[in-house]
Amino acid sequence: MNDFRVLNTRAPRVDAAAKATGQAKYADDFKMPGMLYAAILQSPVAHARILHIDTSKAKKLAGVENVVTSKEAGLIRYGVSPARYDETIFAHDKVRYVGDEIAAVAATSMEIAQEALSLIKVDYEEIPAVFDMFEATKDGAPQIHDEFPGNINAEVHQEFGDTEAALKSCDLVVDHTFLNKRQDAAFIEPHSCVAVFDHAGKLTLYTSTQVPHYVMRTVAMTLQIPVGNVRVIKPYVGGGFGPKCEATPLEMSCGLLSKITGKPVKMTYSREQVFLHSRARHQFYAEMSLGVMNDGTMVALKNKAVLDGGAYTSFGIATVYYSGSLLGGPYKLKAMKYDGHRAYTNKPACGAQRGHGGVAHRACFEQLIDMTAEKIGMDPVEMRLKNIMTAGDMTVNELDMSSLGMKECIEAIREGSDWNNKKGKLPKGKGIGMACGFFVSGAGYPIYRSDTYHSTVVIKMSEDGGVANLLTGSAEIGQGSDTAMAMIAAETLGIPLENVRVYSGDTDYSVDLGAYSSRQTLMTGHATKEAAEDLRDKIAGFLAEEMNVEKSGITFVDGIVKFDDAPGNFEKIRTSYIKEHRGWTDQPSGEFLTFREAARLAFLKGGTLVGTGKYKPHRLGGSYKGAAVGTSPAYGCSAQIVEVSVDLETGQITVDKMTDAHDCGLAINKMSVEGQMQGSLSMGLGECLFEEVKFDSRGRVLNPSLGEYKIPTALDMPNVRSIIVESNEPNGPYGAKEVGEGAIMPTIPAILNAIYDATGVRINELPVTSEKLFMALVEKNRIV
Amino acid sequence: MLLPNFEYIEPTTLEEALRLLSDMGGNARVIAGGTDLLVRMKLKIEKPSQLISLRKVPGLNQVIKRETHGVSIGPAVTAADLARNEFIRDKFAPLATAAGKLGAPVIRNRATIGGNLVNGRPAADFPPACMVFDAILKLKSATNEREILVGEFFRGPGETIIEPNELLVGIFMETPAPWTGGSYIKLGARKALEISMVNVAVMLTLQEPLGPIVDVKIALGAVAPTPVRAFAAEQYLMGRHPSEKVFSEAGAIGVGMCHPITDHRGTMEYRCLMIETLTSRALNLAYQNALAWKP
């Protein structure tokens, strides 16, 4: 048990009422006087030279205020990582996928903007396109970017230890391959943005993003506005999951059009445009060999990856590193070799999505462990426990597991699912499977090379002493970070949660790299804690001076102040506070001085009270090329057991039950942790069983709607037993670390291992549709 | 996505609605729930100049138990209403089941049986369920009126015999004989919000609880350009005593009636195999329900 008053509870979200009642404003809810509506013209063909663009007719249409192309926008290159800036706001020489942006229109209504798009005439000279990641790197394939011959966007070769020698020394080497499909994050709120360029030359963007800070930098760079004159405000956001981790054509077009017209400009993507913009999960091909000893000891892992990147880099250079680095744990290995490359294809660019780069390769690896366990006659749970890392272990690729409740997670699900009484004892058609995984708790380095703080936080007391206003640039995107920060501030200040108010998602409030790589609880949490400590210290200082006591004896808890655990002689402070507030009905009372009185005293003595905090990780990782990707101050981990029923006559799969354990360090808010765990399971289940962005032979998305792109419905989700495992993370604020992405890691392989248990069929390509499984069953029966 | 411009008209009588349909020619579309039409309009697949709403036309959204033997269902009755109607659930179970499997709750609250039929989609939920009851569709125009068997209504994907000036005004079904049971099975990827890969409806009547099959109808969707009856399988079953073996044989015969396509939802090969499996399952289920028949 611990002594926390606010942390580690199931506090309701601070934004619950606003969201439940519809008061919460999202980007598309914003309306401003004189606001224009913008729309983007996107390429209807996958690969073509642009011969000529004629916007004259569109410009003449009544109600059209402006039309911009690369001529107006310029050709400044941008991207996510400065190592691969390969995009311009608008295509100028050629288009590289169906959806590539060519022009944008601002008009007095959405209808007129749409009509204007149809009046822009573009002459294309179509050239051969390539849509398959294996075809793309073959000799003679159409070249998508001149600077990247062979369509190799990025390649990684890493080896730790002597893998070939280690594999030779093994009793058994098992191989496996795996192919997932391009996914869409299917967030509820499509991208939306309002840009306001004012008379002072300042651009304000209200935009649905996970990363206000990065959007600010990219937009300032591409639109050539001093970065100090760009302010990005993130209103409420209806989900991100990764694809909203970068500046979008929508933000840059709106910014440019507002700069030119001097009016606010708004644009919202249709669902189809969300699919065309993509930046979601790549398609990955994985090829692995695992070497073990007969007693189940894992020795060496050889891992190959091919990624279908689409037409641009987006996050891809990090993605292709993650596919290798995130297999370094949670099992002890003596050697590991990784060779991966990311291919350009004429499809929408892929980027980061929940479990960035790690999900498909984790699925392959965890299946491989089960295959190996079967061959040596070992229980899959036992085999994992035999090789598990514990706190203090360093992976072969130098990731520091400063805390790791992996063993506890495995034991918790084994017990929680009654594994021992089920494994090998279920009737035909029923199966049980397990898997593990781990993930970073915040990327160890920013996307651009910098010594910047990853997070700063300001807490400003109200002058009456009643409310702590927390200002942060961090991004609440539905995951609950505002609530987590409010709880950390309340705990640290020793006041009730309702006395903290969070203002977030604004680049003018503080520096924060945003909601990606599961970083905010740890990193923004640290800065929040430090800011609260700073503020608390200032108040204690003024109090000590006034009361003539030692500062070190002053404590704040539950909104009251204690002096060496006693009430102290605070009569004078109370009397003057009451005099100041004569006639008010909420006068302080009780045997202890209240925090409000103390903070008021501090204001009277020192003026507006501000506490500040900051955080950046200590130096992390090895010195090899690419060592930065995968580093983190801490790692969350999880284990899952899935039970399925398979209809052997149709191949239909029903996931009956999931038991999930996640080590998130200290659970700041238990309800939020469970929410993230269950959300991860749902997303993993969807990717495993249903989801696939499909293309026709000309590179057009066949299913760009939530009707035809199938994410799990409530009826497809089983009951979930969520078990929170709490290690104490030395590098986390109050011992806390991630849960947002790590929880998805085991889901796909746990389902696949359960399907194998039920049917004896090993599926190595997603999604496992009823047809795919049924046909595999037919094939197996034919052979048997 | 924006809707194209159109004129929206709300007639308050059936006569007015029919007259409007006549006057507007082919440019008008009738709107009931709009769950399909509005999506198609947003996608610019359809651009009607007028929408004639049935919202204020009285009498089209009722399920009426007829004094003679049977039921009359208004075209504007929603899937949600049909799914929870006690009489339909009792005597026309495949129809109630199909209604309950259409889309998701919010769609079922708006989508109507009439809309689902006149859309003529090969994978729609209601057509097979109506076909096993030999439903009669009443079509009306300003000057004419005709009745047609549901089995003759569908012409091809998205095509039916309804004329632009005609409105589907009623769906009539005879209450099945004693010892009848029915079933409806739908195969899709998810457990809700699905367009069928294969769907099958069955109505099966026994002479008496342990007697032979005296009437049986099998209808399949998503397996041909229109929903189809598996007549050969029905003929095979007539007069036979129910058994798993007989039902699985009927399933195999049922496949012969079908010409499924390969599309992004599933291949022809898999669909054919599933027709066999699901037909035999649906027959088994209908048989169990027939045994449990109550007056």
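**Exercise 1.** Which elements of chain A do the buried residues of α12(A) pack against?

*Solution.* Keep in mind that this is a predicted model. Start with the helix itself: α12 covers residues 380-387 of chain A, and A:Pro380, A:Val381, A:Met383 and A:Arg384 are buried there. Next, look down the helix axis: the buried residues of α12(A) fall within an arc of 165°, so they line one face of the helix. Finally, find the partners: these buried residues pack against α11 (359-376), α13 (406-417), α14 (419-422) and β16 (430-440) of chain A.

**Exercise 2.** Locate A:Gly358 and decide: is A:Gly358 buried or exposed?

*Solution.* First, place the residue: A:Gly358 sits in the loop that runs between β15 (335-344) and α11 of chain A. Then count: A:Gly358 has 27 C-beta neighbours inside 10 Å, and because the threshold for a buried residue is 20 or more, A:Gly358 counts as buried. Now list its contacts: leaving out residues up to four places away in sequence, A:Gly358 touches A:Tyr322, A:Ser323, A:Leu326, A:Phe439 and A:Met745. As a last step, check the distance to A:Gly742: this residue is 384 residues from A:Gly358 along the chain, while their C-alpha atoms are separated by 9.4 Å.

**Exercise 3.** How many residues of chain A are in contact with chain B, and how do they divide by character?

*Solution.* Begin with the count: 19 residues of chain A are in contact with 15 residues of chain B. On the chain A side, α4 (110-119) and α21 (770-783) each supply at least two residues. To finish, sort that side of chain A: seven residues are nonpolar, six are polar and six are charged.

Conventions:
Residues numbered from 1 in each chain as written. Chains lettered and ligands numbered in written order. Predicted model: local features only at pLDDT ≥ 70, side-chain atom pairs only at ≥ 80, totals over all residues. Contact = placed C-beta atoms within 7 Å. Helix = DSSP H or I, 4+ residues; strand = E, 2+ residues; numbered from the N terminus. Nonpolar A, V, L, I, M, F, W, Y, C, P; charged D, E, K, R; others polar. Buried ≥ 20, exposed ≤ 12 C-beta atoms within 10 Å, placed from the backbone. Arc of directions from axis to C-beta.
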